Protein chains: 2
Amino acid sequence: METLPTTPPVTLEELYSAWQKAAFDELNELFAETHPSDIARFLESLPAKQRVIVWKSTEFDRAEVLSYMHDAERAELIHRMGAEEVAAATTEMDTDDAVDLLQTLSEQRVEQVLMAMDEEHRQQLSKVLFYDEDSAGGLMNVDTLTVRGDLSIKVILRYLRRHAELPDKTDALFVVDAENRYRGMLFLADIVTNNPDLLVEDIMSTQITPIPVNMPSQSVALLFEQHGFISVPVIDQDSTLLGRITVDDVLDVIREESDRTLLHRAGLDEEDDMFAPTLSTTWARAVWLGINLLTAFLASYVIGQFENALSQIVALAVLMPIVASMGGIAGTQTLTVMIRGIALGKVSSANAFWLLKKEVAVGVLNGLIWAVVVGIVAMIWFSSIKLGLVIGAAIVINLFFAAFSGMLLPLILKRLSIDPALAGGVILTTVTDVIGFAAFLGLATLWLL
Amino acid sequence: METLPTTPPVTLEELYSAWQKAAFDELNELFAETHPSDIARFLESLPAKQRVIVWKSTEFDRAEVLSYMHDAERAELIHRMGAEEVAAATTEMDTDDAVDLLQTLSEQRVEQVLMAMDEEHRQQLSKVLFYDEDSAGGLMNVDTLTVRGDLSIKVILRYLRRHAELPDKTDALFVVDAENRYRGMLFLADIVTNNPDLLVEDIMSTQITPIPVNMPSQSVALLFEQHGFISVPVIDQDSTLLGRITVDDVLDVIREESDRTLLHRAGLDEEDDMFAPTLSTTWARAVWLGINLLTAFLASYVIGQFENALSQIVALAVLMPIVASMGGIAGTQTLTVMIRGIALGKVSSANAFWLLKKEVAVGVLNGLIWAVVVGIVAMIWFSSIKLGLVIGAAIVINLFFAAFSGMLLPLILKRLSIDPALAGGVILTTVTDVIGFAAFLGLATLWLL
């Protein structure tokens, strides 16, 4: 029996301890038993400078490890490699991985790397480099095996047995006509279960609709999820077969999409390298802090309009963050549910109005519940019934607008082609801060002074 | 040429407009041309009550559509179906989908449904129901096709051609010994490319380590991502082959995991149904608002300790939200990067200290940058150099602690088996609010009064 994956042969800790001793020979021995994806993970979790030192001082399958690394961490390493070295690594990769890597380089650098390759690989890569990274073209592999429809299965089997190797993750061959136009898929499962005297066109499947080369990768991912595909043909507008997309590439798309949403909520992007040098991280994050500072100043400005009330009743300063905070939380809940609903394709103009009514109703109901609680606490704390009524009313008002903007913001941003996950949160809390402070201090000015 | 998927035959809008006219005949016609996953999506995006009405009034493949629906929305529908109806639907599903559905029902209900099934399906499902939903056992299908190692490929091909159909997404048959213990995988790709006189054991692959039935599903997903598997055998501790996990189930795991992280950040869970009745949504969200209210009161209490300073200098009330807000944003950035790093397995005891130093350095540097900016603005706005110095110092202090807690909180929560995505944000902003208000108002009391 082989070792079970629950006890992997080499742990990240073992690699670290060898690295901390600067024992590169030991690292080399460990690397020999480590899966390339784990070597990639180890390299990524080193401080950026150390990463380069380890890279230069040890031996392992460069192409494999690079293909498992994330863009930001990889860019740093490739930067230090010669064009020949990059060319050698990329020719060993699947086309889609190689293209993914090349697309992170400058145009000039790509030229140099392509020139350092043999003719065949250069042509293959140039063809695919042309397509957008986030489209079906950028995801596809060009290692498709094609057959004609008028051949018998027997002939196909004879051919396959002579050529011995199929591209990785082949679940089907692609049937094309004389002009290389896509006609159908010949599944291996059908080859082995059917009478070998039948023709390819008798048993080929036309169930799977080929994917146009310019389809956005998120739509590709959705198709794979809905239909459980293993591989799907990619065609151009003339139905010419260009390549195929396999499910493992789609796993990456889904993982990256989820990463992006998570990071965007905190104003970070996928390139943010946990292990990058301190200064570059500081700068990357400073921008977002600056944007938020502007919105915080806006809230301060609103508060400043009520200096008179604040100077007379100090309880207002004590309680005002509660109103803003409740609005922010309630709005974020609506916003999150909306962002997810939009991503899953469940929100459309047909049900948007119904959803708006529901979210606003939820906001007002929760506003009423917590208005009572906060109102009573405020009354007791500051011995003022009127203060309790003011804060209760402000909470209801703020949660109403929180639901309203949490619901409409992502729809508006989406229409403007801005990622709601990135901008939604800042704008939303600006709204809930401004309305929260204005409602509370405004009502206080009217009723309490 | 078939229609391309960019222009799907039936749109969500068409379904809606038929529904709005209550034209169930029209809906039935449209359903006949709609992919089950799109019908599922349409049903999910209807108000909960309407969903039941449409379900009862229309015709479509119940089993298929149910297997594409999310747990919460589906539970509602199953609740209204008779045990026989549920039994009929689940016997048509893949084992893993059927189990997934049954696991959302009460024990008593499961009993009823199992009793309404034929013996064969009951036995098959009972075996798998036993395993945790979030483990390899809960993900697996039991429709494996097994062969012995001493047969020739020719014999295998003859058998396959006679039995004509392979389970969905079969990329390999499983080789077992006389006791049904797993020995290797026989890939279809190897069947079609090798000499048919060879024996199964000559060409079977032992590269893929089988997955133990109790492996958590997140680890299963990570293995698939790293190795690009299509299907993997699942075994018990005696190496007995129990079933197989296919990549499409793993897509679901990854999607659900990413959903969970996103929703947890807003105190929501996967069961939160955008289209549920208003009252149940109100209640589900109220809990999270209540928890946040407690932390907001804590912040108010801290502010209340400085009533004296606030009553003398109204500028403090105007500026104090800025200090708290900058800390919250900076801390959230660190927290987000950490949550992702932990999920990707890039953070361990070996590099935690190094990461802490870096995050704190980033926090202090950003603190200094924005302390200068905010300090100058405050000086000019309120014509007070001292006030500028106080707010600058408070910002540096708060961003220092924000980095510290953003870094350590997820590690501590993880050790306590609490999801950092769920609890991290609340605790973090409590820390940054309390420290922000205390530092700013405390320093003001010392230096300005």
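## Salt bridges, interface and selected residues of a predicted two-chain model

Over all chains, the structure holds 32 salt bridges, a salt bridge being a side-chain nitrogen of Lys or Arg within 4 Å of a carboxyl oxygen of Asp or Glu. The model is predicted, so local features need pLDDT of at least 70 and side-chain atom pairs count only at pLDDT 80 or more, while totals for chains, interfaces and linings use all residues. Residues are numbered from 1 along each chain as its sequence is written, chains are lettered from A and ligands numbered from 1 in the order in which they are written, and side-chain values use heavy atoms, with hydrogens and water left out.

### The interface of chain B and chain A

In chain B, 138 residues are in contact with 137 residues of chain A; contact means heavy atoms within 4.5 Å. Together the two chains bury about 12,100 Å², and carbon and sulfur atoms give 69% of that area. Buried area is the accessible area (1.4 Å probe) that two parts lose on being put together, summed over both. Of the area that chain B buries against chain A, B:R255, B:M274 and B:R340 supply 7%, more than any other three residues.

The rule finds 10 salt bridges across this interface. B:R255 takes part in a salt bridge with A:E257. There are also 30 residue pairs in polar contact across the interface, both residues being at pLDDT 80 or more. A polar contact is a pair of N or O atoms within 3.5 Å; within protein, one must be able to donate a hydrogen and the other to accept it, and residues adjacent in sequence count only if both atoms are side-chain atoms.

Helix α19 (residues 314-343) of chain B gives 19 residues, the largest share of the side of chain B that touches chain A. Helices (H or I, at least four residues) and strands (E, at least two) are DSSP runs, numbered from the N terminus. The residues on that side of chain B divide into 76 nonpolar, 38 polar and 24 charged. In this division Ala, Val, Leu, Ile, Met, Phe, Trp, Tyr, Cys and Pro count as nonpolar, Asp, Glu, Lys and Arg as charged, and the others, Gly among them, as polar.

### Individual salt bridges

Side chains of opposite charge can pair when their charged atoms come close. The table lists some of the salt bridges.

| Residue | Partner | Closest N to O |
|---|---|---|
| A:E257 | B:R255 | 3.8 Å |
| A:R183 | A:E201 | 3.8 Å |
| B:K169 | B:D168 | 3.0 Å |
| B:R181 | B:D177 | 3.3 Å |

A:R183 and A:E201 form a salt bridge. This pair links distant parts of the chain, with A:R183 in strand β3 (residues 182-187) of chain A and A:E201 in helix α14 (residues 200-203) of chain A, 18 residues apart. Buried means under 20% relative accessible area, exposed over 50%, and partly exposed in between (1.4 Å probe, protein chains only). A:R183 is partly exposed because its relative accessibility is 34%, and A:E201 is partly exposed at 36%.

In chain B, B:K169 counts as buried at 16% relative accessibility. B:R181 is partly exposed at 35%, whereas its salt-bridge partner B:D177 is buried at 19%. In chain A, salt bridges that share partners join A:D168, A:K169 and A:D248 into one network.

### Domains of chain A

Chain A is divided into domain 1 (12-131), domain 2 (146-246) and domain 3 (278-448), with bounds that come from an automatic or database domain assignment. Between the C-alpha centres of domain 2 and domain 3 of chain A the distance is 53 Å.

### Selected residues of chain B

B:S152 sits in the loop between β1 (146-147) and α12 (153-163) of chain B. B:S152 counts as buried because its relative accessibility is 16%. Apart from neighbours within four places in sequence, B:S152 is in contact with B:P196, B:D197, B:L198 and B:L199.

B:G425 belongs to helix α22 (residues 420-448) of chain B and is partly exposed at 25% relative accessibility. Not counting residues up to four places away in sequence, B:G425 touches B:L335 and B:P420. The C-alpha atoms of B:G425 and B:M338 are separated by 12 Å, the two residues being 87 residues apart along the chain.

Most residues other than glycine have a negative phi. B:S383 is not a glycine, yet has a positive phi of about 45°. B:S383 lies in the loop between α20 (349-382) and α21 (385-415) of chain B and is exposed, with a relative accessible area of 67%. B:S417, also not a glycine, has a positive phi of about 60°. B:S417 is placed in the loop between α21 and α22 of chain B and counts as exposed at 68% relative accessibility.
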